[in-house]
Amino acid sequence: MKVSVIGLGYLGATHAVAMAKSGHQVIGIEPNPEKVAMLQSGRAGFFEPGLDQALAEQIAAGRLTFQIAHDESSRLVDVHFICVGTPQTKGSLAADTSYLHAAISDLAPYLREDALVAGKSTVPVGTAAILTKELGAATGFSEPNLAWNPEFLREGTALEDSLRPDRLVVGVTNKRSEELLRQVFEPMIASGIPFLVTDLATAELVKAAANAFLATKISFINAMAEIAEVSGADASQLAKAIGYDERIGNKFLRNGVGFGGGCLPKDIRALMARAEELGVGESVAYLKEIDKINIRRRDRVIALLESELGSLSEKRILILGAAFKPDSDDIRDSPALEIALLAQKAGAEVIVHDPVSLPGVLIKHPELSVQEDLTKAFESVDAVVLATEWKEYRDLDPQMVSVLTANKLIIDGRNVLDVAKWQQAGFRVLALGRTIQN
Ligand code: UGA
């Protein structure tokens, strides 16, 4: 089939490659000419394991091309996927859907009446119905084919998640849309991936609900961590024990510095804002607490540092990690970066290390000092905070770095370190959600 992917950020670039790998002829549309040039050279422009290689392969195979705007070739397309961003609006909790409206009006002059527009962006429930009306007005079609097909990919495993998702959800208003989506996802459906057909609103809400549930799970275990910290219990063991109950499950119960990134934080806020608009704000008022628990974990790290070092003024503190999770260079709403900024605000001299995201850190926060060399980063530090669980941090040799530090103190913000090994190297080890005997 002929497919277009509109908006080539994380979601769009990955989806374009996944569609090409599924055998479709794909046109990627992205207004930023620099981004288009980069994609044409086989680079996605962000760190995602395996993506650049797959991108280059699909370009070489002639299945994937990029352009800055629609042209006559868009008239040949059967399914247009809209993958533009829906960031948090400045000064409000709500999602900014302006890129979606722009995508619809740009596409309308080139849309065939029998083609389908399938939105993939995460949107406030009710958005697809508004966009359908806009599309009808712009094209004159009495029943434009517009569907919603939320994406559940995770950064770090994006391509794999796109090619082999847990489920495909499609919200449609007519049979033609469903048939086109069945055709486009045929290889995945044939491999046994569940294909759920819903109305538009349900498909939109499925995505918001999934992310709200995941955020709730993380904040739940972090709330238990707060209780564990003052009662001598161990939140990691607690998570393991409750996770054996299949109704609870052990995934997404890792306690630590909390969730960040471009999705969970903004999506729970957008859901609260939308519920409020719909007059049912109380239904998800609890998400305010989920957000607060998450933010408190960052403060907890600063409190631990202060309880050990007194004032942080002029103390040299190394933050291991800046990305919001390993295998990603995404620093949006990153707990690690927020901890670095909080420590700096408290007077500390902060050094940030991250295997891939330091260029982005320097652009966004030139006030922070960074060190690319992991060993050198330990020189003369008074404390170390492990804030993102990159493999290189878990594999560090504590004996080797212990001789470099001014003071042997490490806070394990992700509960991944081999505590005994660090203690043997002379470190005092603290962690979130448990009390360690040093
Ligand atoms: C999340 C969802 O997991 C995806 O299903 C969804 O498609 C995506 O948002 C999106 O809306 O686009 P992602 O933001 O890539 O994916 O990252 P996650 O793996 O969900 O991790 C989010 C944050 O939670 C990270 O900061 C991670 O460190 C933290 N986390 C995760 C924990 O603190 N504890 C856990 O047990 C799991």
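**Exercise 1. The open sheet**

In what order do the six strands of the open sheet stand, and is their pairing parallel or antiparallel?

*Solution.* A word on the model comes before the steps: this is a predicted model, in which local features need pLDDT of at least 70 and side-chain atom pairs count only at pLDDT 80 or more, while totals for chains, interfaces and linings use all residues. Residues are numbered from 1 along each chain as its sequence is written, and side-chain values use heavy atoms, with hydrogens and water left out.

Step 1. The order of the open sheet is β11-β10-β9-β12-β13-β14, and the pairing is parallel; strands here are DSSP runs of E with at least two residues, helices are runs of H or I with at least four, and both are numbered from the N terminus. Two strands count as paired if DSSP finds at least two bridges between them.

Step 2. At the edges stand β11 (369-370) and β14 (428-431), each of which pairs on one side only.

Step 3. Within the sheet, β9 (residues 316-320) and β12 (residues 383-386) run parallel and are joined by four bridges, and the bridge partner of Ile-319 in β12 is Val-385.

**Exercise 2. Strand β5 and its neighbours**

Describe how β5 is placed between its partners, and state the handedness of the crossovers that lead to and from this strand.

*Solution.* Step 1. Begin with the side chains of β5 (residues 116-119): Leu-116 and Ala-118 point one way, Val-117 and Gly-119 point the other way, and all are buried, where buried means under 20% relative accessible area, exposed means over 50%, and partly exposed lies in between (1.4 Å probe, protein chains only).

Step 2. Strand β4 (residues 79-82) pairs with β5 in the parallel sense over four bridges, and His-80 stands opposite Val-117. Strand β6 (residues 146-148) also pairs with β5 in the parallel sense, over three bridges, with Ala-147 of β6 as the bridge partner of Ala-118.

Step 3. From β5 the chain crosses through helix α5 (residues 127-139) to β6 in a right-handed β-α-β crossover. The unit made by β4, helix α4 (residues 98-107) and β5 is right-handed as well; the term means that, with the strands pointing away from the viewer, the path from the first strand over the helix to the second runs clockwise.

**Exercise 3. The ligand and its shell**

Work out which residues surround the ligand, which polar contacts it makes, and how much of its area the protein covers.

*Solution.* Step 1. The ligand is surrounded by 21 residues, the closest being Leu-153, Glu-155, Asn-211, Arg-254 and Lys-325; a residue is counted if one of its heavy atoms lies within 4 Å. By class, the shell divides into ten nonpolar, three polar and eight charged residues, with Ala, Val, Leu, Ile, Met, Phe, Trp, Tyr, Cys and Pro taken as nonpolar, Asp, Glu, Lys and Arg as charged, and the others, Gly among them, as polar.

Step 2. Look next for polar contacts, which are pairs of N or O atoms within 3.5 Å; within protein, one atom must be able to donate a hydrogen and the other to accept it, and residues adjacent in sequence count only if both atoms are side-chain atoms. An N or O atom in the side chain of Lys-207 is 2.9 Å from an oxygen atom of the ligand, and for the side chain of Asn-211 the corresponding distance is 2.8 Å. From the backbone, an N or O atom of Leu-253 lies 3.3 Å from an oxygen atom of the ligand.

Step 3. Taken alone, the ligand exposes 720 Å², of which the protein buries 93%; accessible areas come from the Shrake-Rupley method with a 1.4 Å probe, and for residues only the protein chains shown count as cover.

Step 4. The elements that give two or more residues to the shell are α9 (200-231) and α11 (264-277), and α9 gives the most, with four residues.

**Exercise 4. Two residues with positive phi**

Locate Glu-314 and Ser-380, and compare their backbone angles with the general pattern.

*Solution.* Step 1. Most residues other than glycine have a negative phi.

Step 2. Glu-314 nevertheless has a positive phi, near 65 degrees; this residue is in the loop between α12 and β9 and counts as exposed because its relative accessible area is 70%.

Step 3. Ser-380 has a positive phi of about 60 degrees although it is not a glycine. Ser-380 is found in the loop between β11 and β12, and at a relative accessible area of 43% it is partly exposed.
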